[in-house]
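I opened this entry to look up how two chains meet and where the backbone takes unusual turns. The notes follow in the order in which I checked them.

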Amino acid sequence: MAARRSLRFAALGYLGLLLAAPVGMVFYRAFEHGLGRFFHALTTPGAEHALYLTLLVTAIAVPANAAFGIGTALLLARRRFRGQGVLDRMIDLPFAISPIVVGLALVLVYGQDGWLGSTFAGAGIQIIFSTPGIVLATIFVSLPFVVREVLPVLREIGDEQEQAAATLGASRWQAFWRITLPAIRPAVIYGVVLSTARALGEFGAVSVVSGRLEGETETLTLYVQNRFDGFDLTAAYATAVLLAVLGIGVLVALTVLSRRRSQHGY
Amino acid sequence: MVDRSLQGGTGAFWRAVSAPEAVASLKLTFAVSLIVALINAVTGTLIAWVLVRDEFPGKRFVNALIDLPFAMPTVVAGLTLLALYGPKGPVGIDVAYTRVAIGLALLFVTLPFVVRAVQPVLMELDREMEEAARSLGASALTTFRRVVLPSLRPAVVAGAGLAFARALGEFGSIVLISGNLPYKTEVASVFIFGRIETGDVTAAAAVSVVLLAASVLLLAALSRLGRPRWVDDGR
């Protein structure tokens with residue numbers, strides 16, 4: 001019993017020192033000068049623009065990833081084609097690559113001298129150091145979430161019901177909307193929540209691609225660093241707390257969703 | 001994609017990778033990441049064990065807390081650690097701008113990997129074997145080492161491998177707390193970032209290729225142990 005207790009003490013102590021205490025400290029620092037200062041720090045034009053940009057980028061990147069994720073998962077689960085195994089393994093790559101490397105790769109391709117960048121520049125569209133680049137970077141880093149959640153469910157349910165629907169005269173679209181989508185919906189939602197968390201919090205790739213122009217291409221995470229470097233710690237802590245609260249909200253959503261999923265099977 | 005930029009000749013590539021500052025940053029990155037993966041193997045297994053085998057009030061809350069590093073932006077993680085273990089921290093411990101700080105930041109962001117890899121295996125584990133070992137006179141430690149650990153080993157390796165891969169490329173949590181001093185606390189991702197800023201794309205791309213190759217190799221090796229669990233998929 002004593003051994004069990006000391007193991008528990010060691011595990012909880014480690015978590016406390018590494019996770020709980022530092023996070024608690026950030027909350028304390030953000031609120032130590034009162035609620036007024038906290039809200040004031042979040043309603044400056046710079047902070048408001050950063051919040052707007054972060055929400056805009058998330059609102060574009062997450063639906064794009066959901067659509068891509070469902071499409072890719074269907075392709076991998078329901079079709080046979082050459083290179084399928086490679087694609088299946090490649091899907092995880094954005095998790096393994098450093099966000100900085102992702103950013104650099106995007107700059108090399110879409111920057112002014114890049115393969116595609118010069119084409120877009122000819123059409124008057126600037127990607128790097130502007131919002132489209134930030135969206136692109138965010139999509140890249142959160143790409144695998146929906147695929148990873150949906151694919152195992154698709155494999156588990158099999159295609160018998162879809163085939164039955166087809167023999168009864170349903171079109172592909174009807175079979176998808178009526179049969180497949182309801183079955184994968186919980187997995188899609190779970191994947192969407194995970195991509196949202198990643199999209200809100202992405203820093204490295206966006207840092208490279210955005211050029212960090214104050215009040216223009218600065219997202220919330222970049223704003224935290226900017227304020228920290230500018231010794232405006234109140235604003236840095238306040239913004240960090242806002243992001244942490246969003247993250248904790250995601251955590252709560254995931255806990256509720258996974259409990260519901262384990263009750264329903266998938 | 002990236003290797004296009006090093007078509008400026010393999011000579012230029014090698015010169016860029018073997019530049020002293022680049023080598024120092026890569027060495028530091030691999031060394032710290034390895035240490036962090038090893039620490040995670042121990043602490044992660046410990047935490048998973050306590051979460052599966054122990055009962056205490058608030059266990060479900062602690063279990064949910066494990067995923068916090070995945071849900072929280074990495075810069076926030078860095079700032080968080082700096083608030084407690086930085087220059088104006090309340091505990092009088094200041095690790096800012098040291099290699100310890102890098103390790104701390106990496107331990108924070110990679111915490112869930114081993115825990116979430118080991119937890120399901122531990123839940124499935126048949127306890128009769130352990131009870132048999134104990135009734136035959138084996139000590140708790142021997143039972144763990146000879147009976148439990150062999151079944152956990154693949155999961156521990158898979159989790160630690162993911163932690164290592166993640167640590168190699170980590171940027172956001174490190175950049176505020178490490179001070180980024182060349183040769184001392186500058187990790188590879190921060191080195192790359194600095195070179196992009198100064199327009200030295202060749203050096204940035206060369207070190208990127210090293211990191212990229214390491215990630216691809218690790219990913220291939222890890223997928224032999226089953227589907228890598230980068231995220232807690234809630235099942």
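I looked up the contact between the chains in this predicted model. Chain A contributes 60 residues and chain B contributes 56 residues. I then went through the side of chain B that touches chain A, element by element. The elements of chain B that give two or more residues to this side are α2 (20–53), α3 (59–65), α4 (68–71), α5 (74–85), α6 (99–124), α8 (140–169), α10 (188–197) and α11 (201–223). Which element supplies the largest share? I found α11(B) there, with nine residues. By residue class, I noted 40 nonpolar, 11 polar and five charged residues on the side of chain B that touches chain A.

Next I looked up backbone angles in the loop between α9 (172–175) and α10 of chain B, where Asn180(B) is found. Asn180(B) is not a glycine, yet its phi is positive, at about 55 degrees. Is Asn180(B) buried, partly exposed or exposed? I counted 18 other C-beta atoms within 10 Å of Asn180(B), so I entered this residue as partly exposed; the buried class needs 20 or more.

Tyr183(B) also has an entry, and its place is the loop between α9 and α10 of chain B. I noted a positive phi near 70 degrees for Tyr183(B), again in a residue other than glycine. Tyr183(B) has 12 C-beta neighbours inside 10 Å and therefore counts as exposed, since that class takes 12 or fewer.

Notes. Residues are numbered from 1 along each chain as its sequence is written. Chains are lettered from A and ligands numbered from 1 in the order in which they are written. This is a predicted model: local features need pLDDT of at least 70, side-chain atom pairs count only at pLDDT 80 or more; totals for chains, interfaces and linings use all residues. Two residues are in contact if their C-beta atoms, placed from the backbone, lie within 7 Å. Helices (H or I, at least four residues) and strands (E, at least two) are DSSP runs, numbered from the N terminus. Ala, Val, Leu, Ile, Met, Phe, Trp, Tyr, Cys and Pro count as nonpolar, Asp, Glu, Lys and Arg as charged, and the others, Gly among them, as polar.
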